[in-house]
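The following report concerns a molecular model and is intended for computational work. Please consult the sequence and coordinates alongside the text.

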Protein chains: 2
Amino acid sequence: MRDEDDIRAPEADRQDGTGRQDGPRAEGGAMPSLYGVSDDLVRRAAGALDEGDAPAVRGLVAELHAADIADLLERLSGDERRSLVELLRDGFDPEILPHLAGNVRDQVIAQLGPRVLAEALSVLDSDDAIYLIEDLDDDIQAALLATVPPATRRALEESLAYPEYSAGRLMQRDLIAMPAFWTVGRAIDFLRETPDLPEEFYEIFVVDPRHKPIGAVPLARMLRHPRKVLLRDIMDRDVDAISASVDQEEVARLFRHYSLASAPVVDDQGRLIGVITFDDVVDVIQEEAEEDMALMAGVGSEVDVNAGLVRAVRQRMAWLGVNLGTALMVSSVIALFEATIEQIVALAVLMPIVASMGGNAGTQTLTVAVRALALKELTPSNAMRIVMRETGIGAINGLVFGIAVGVAAGLIFDPFIGAVLFCALFANMLTAGLSGMLIPLALDRLKVDPAVSAGVFLTAVTDIVGFFAFLGLAQLVLL
Amino acid sequence: MRDEDDIRAPEADRQDGTGRQDGPRAEGGAMPSLYGVSDDLVRRAAGALDEGDAPAVRGLVAELHAADIADLLERLSGDERRSLVELLRDGFDPEILPHLAGNVRDQVIAQLGPRVLAEALSVLDSDDAIYLIEDLDDDIQAALLATVPPATRRALEESLAYPEYSAGRLMQRDLIAMPAFWTVGRAIDFLRETPDLPEEFYEIFVVDPRHKPIGAVPLARMLRHPRKVLLRDIMDRDVDAISASVDQEEVARLFRHYSLASAPVVDDQGRLIGVITFDDVVDVIQEEAEEDMALMAGVGSEVDVNAGLVRAVRQRMAWLGVNLGTALMVSSVIALFEATIEQIVALAVLMPIVASMGGNAGTQTLTVAVRALALKELTPSNAMRIVMRETGIGAINGLVFGIAVGVAAGLIFDPFIGAVLFCALFANMLTAGLSGMLIPLALDRLKVDPAVSAGVFLTAVTDIVGFFAFLGLAQLVLL
């Protein structure tokens, strides 16, 4: 114990090349970062690895948080990564693994071998352990589970029995539950005397004799009451018990809505079997938001610069194939009017404007609809109002841009072309607003994720309506 | 105190029309929800409000969480909302206000009047109070602050002095700090005996005599150690002190990276002035992810079905105007080749395919780039590798689709048209991959948010390259 601890600034610990830059004082550098490893540390580690200078490498990573070692591993080249894993092999910190991105994690696990992974599974929190093995092939998973201690194995197998992306997969099984008749004093004594409790917890769950959660006592409240007070007198009674089969998105919304730090998970009989904490949920929120964005852009379900090339090409190809299908439909609409275009080539020049404005207006509405559906802000009781609103926005913008572009085209080409352009733009942008809402609503009703597929249908609609309205009107009016 | 508390199921509290459905047991209904108010409750509340049945309305909302009352207010019609606010006016729970969406909140605050808002500011946590007033006009804000008690006013003014979206705005000023020489016993006694401590806290900050944070003790750890242990012996020493001026996105990444429950905020001198907790950060993560999505779709910076109509029209109009500009550039490229199209109308039929495939491939890459930049996964050290990767993906897909479409067009129209289509598709999809990375990287270098503007430039590039390559090659080869 050193006396100067009391007067040391919090940053003092970090000026020793641990790579964690000190936030408040960082002045140089374009992008001071509060966390993670610095570019400089990555360079120095890479250099030391290339030179095979093991002591230097060990010195650089010695003080790093597991999340930062994971960060470093991701940012090294393949060869350097392999060297670093080899160096860290003895006493490899299992906490690093859950922090690694998918394909880097697969490489590192393959290199470490099944023995190290089995050890990691026994040491990690059950939710992290599940995260590591849930995507493995069934036979590899079974072989691995055969090597871990029976108690751990049983717990993992129970969690794996719940569906993917469910609360049962997300939960941590180690938790602290007490009966309602315990006093604060007895609870504190239990916490002090019992070894092997979870390292982090934010509330104590109160359970009935059948192990059903009937309340929760946040630790802050526990600390603020005298020893003789009964838990039942200070517990929150409206605990949000989550069924293990509930979808993780639903869990995330629950946590966000009530600002929860943790919540109990129960089995079919309502018995307490696990706990979900805010940090699990933070990851879910980030992932779900990214997933919607990725799906809308047709990048597959993940946006990951480290994803395998073959997988990325394949995922995107699927979407591009669908897009090709709609593009061919659009082409066939244009082909209907080949004769018209041959006579008035200006139509070919102007037609992309109609399609492009409609597509953009539709995407705007679609984005609003997808997020509102995901956040449950769009419900049967307000759907009609929001459809009207979005159609109105489309119509207003259609009117404004239709007049501007129509007048300009009328002056440059021909008044009739201008009038046709105005009508087509207005009709297409109104349609865009309407279908930008109706398509995702219909898909949601059919239990299809609107983020995935609404964009395809929407672009098809706005392109086809746009070209058909423009070229069809032109044929009627101008020929 | 009732004895049956011990054997009551957690759901028992909720079958009394509070609107909170019981998650685990909900079986009927398409979308059982763990939280929030049910459609049924909204209908019943609306009915009672329309009939002016005040006791029935009060009964319905009596047991609701503030977040759920906010939810209900958002889902009622304007008239019903006004009636409900009037009913709740006496003893209006200030906690409802921060849960309300922007324009509903403005309406409710306007209806309640400045006196109720001033009272709310004194009662709410400082971060919630700041959230309520930070968007008000300067003079309204000043008038309001003049009516709150001096201590609250000073605290709010200090927080408002920090930039918008900074840690200083996000932080809560009430926190618990202790010197390192205190024992666990003394700390617990302090917590038990001091009135007016914050209701929720997750760790105790340890400060030096100059009030700089030098450590933190999570409550779970505090509870697990005997009374005589010194805080300095159990505290975490590598606390991540956040400067009050740091951007909230950076704060969110820090919390997510290290799975923090709370973190201290310090002023320029490194003194502890506030605390940020995970629930603030959950909101930031959600908002930032939504913002990127909204910006990419050109819906302005928020995707909110409750946003004002005029504002929504204006925000989208801006983006549609920019899109019109690029559409006109594209038209002028096509106009260059009017004579060619006049001779071979098939070109007008096929040209949307080239543009559409390029646009889609580019958007895929762009989405990856924007998220990777936002999450700091794209850094100078790996930028080159990822640019190569994305260009490669574009080229591979360009080759695949170019051959498929080229062969088909060759059979249907003319082998030369097929060859031209193949070359144009390949060139455009390769360009799409390359510019889908380079444009956001360049914008990021210029300190422009790539989510806002990259899409415009990208579509312009893929449209222009697509039409130019296709029509230009056609002119060279076919005429």
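Which helix contributes the largest share of the nonpolar patch? Helix H20 of chain B, residues 380–412, does so with 7 residues. The model is predicted: local features need pLDDT of at least 70, side-chain atom pairs count only at pLDDT 80 or more, and totals for chains, interfaces and linings use all residues. Residues are numbered from 1 along each chain as its sequence is written, chains are lettered from A and ligands numbered from 1 in the order in which they are written, and side-chain values use heavy atoms, with hydrogens and water left out.

**Nonpolar patch**

The patch covers about 830 Å² of surface, and its members include A:Leu309, B:Ile396, B:Leu411 and B:Phe413. Patches are made of residues with over 30% relative accessible area and no salt bridge; like charges are joined within 9 Å, and nonpolar side chains (Val, Leu, Ile, Met, Phe, Trp, Tyr) within 5 Å. A salt bridge is a side-chain nitrogen of Lys or Arg within 4 Å of a carboxyl oxygen of Asp or Glu. Accessible areas come from the Shrake-Rupley method with a 1.4 Å probe, and for residues only the protein chains shown count as cover. B:Leu411 lies in helix H20 of chain B and is exposed, with a relative accessible area of 72%. Buried means under 20% relative accessible area, exposed over 50%, and partly exposed in between.

**Strands of chain B**

Helices (H or I, at least four residues) and strands (E, at least two) are DSSP runs, numbered from the N terminus. Two strands pair if DSSP finds at least two bridges between them.

Strand S5 of chain B (residues 262–266) is largely enclosed by the rest of the structure, because 5 of its 5 residues are buried. On one side of S5(B) the buried residues are B:Ser262, B:Pro264 and B:Val266; on the other they are B:Ala263 and B:Val265.

| Pair | Sense | Bridges | Opposed residues |
|---|---|---|---|
| S1(B), S2(B) | parallel | 3 bridges | B:Ala177, B:Phe205 |
| S4(B), S5(B) | parallel | 2 bridges | B:Ser243, B:Val266 |
| S5(B), S6(B) | antiparallel | 5 bridges | B:Val266, B:Leu272 |

In the hairpin of S5(B) and S6(B), 5 residues stand between the strands, and B:Gly270 takes a positive phi near 80°.

**Annotated spans of chain A**

An unreviewed UniProt entry places the feature "transmembrane region" at several spans of chain A, among them residues 391–413 and 455–478; such annotations may be inferred rather than shown by experiment. Residues 391–413 of chain A are 96% helix and 0% strand, with end C-alpha atoms 30 Å apart. Residues 455–478 of chain A are 100% helix and 0% strand, with end C-alpha atoms 33 Å apart.

Definitions and conventions. Buried < 20%, exposed > 50% of the residue type's maximum accessible area, 1.4 Å probe, protein only.
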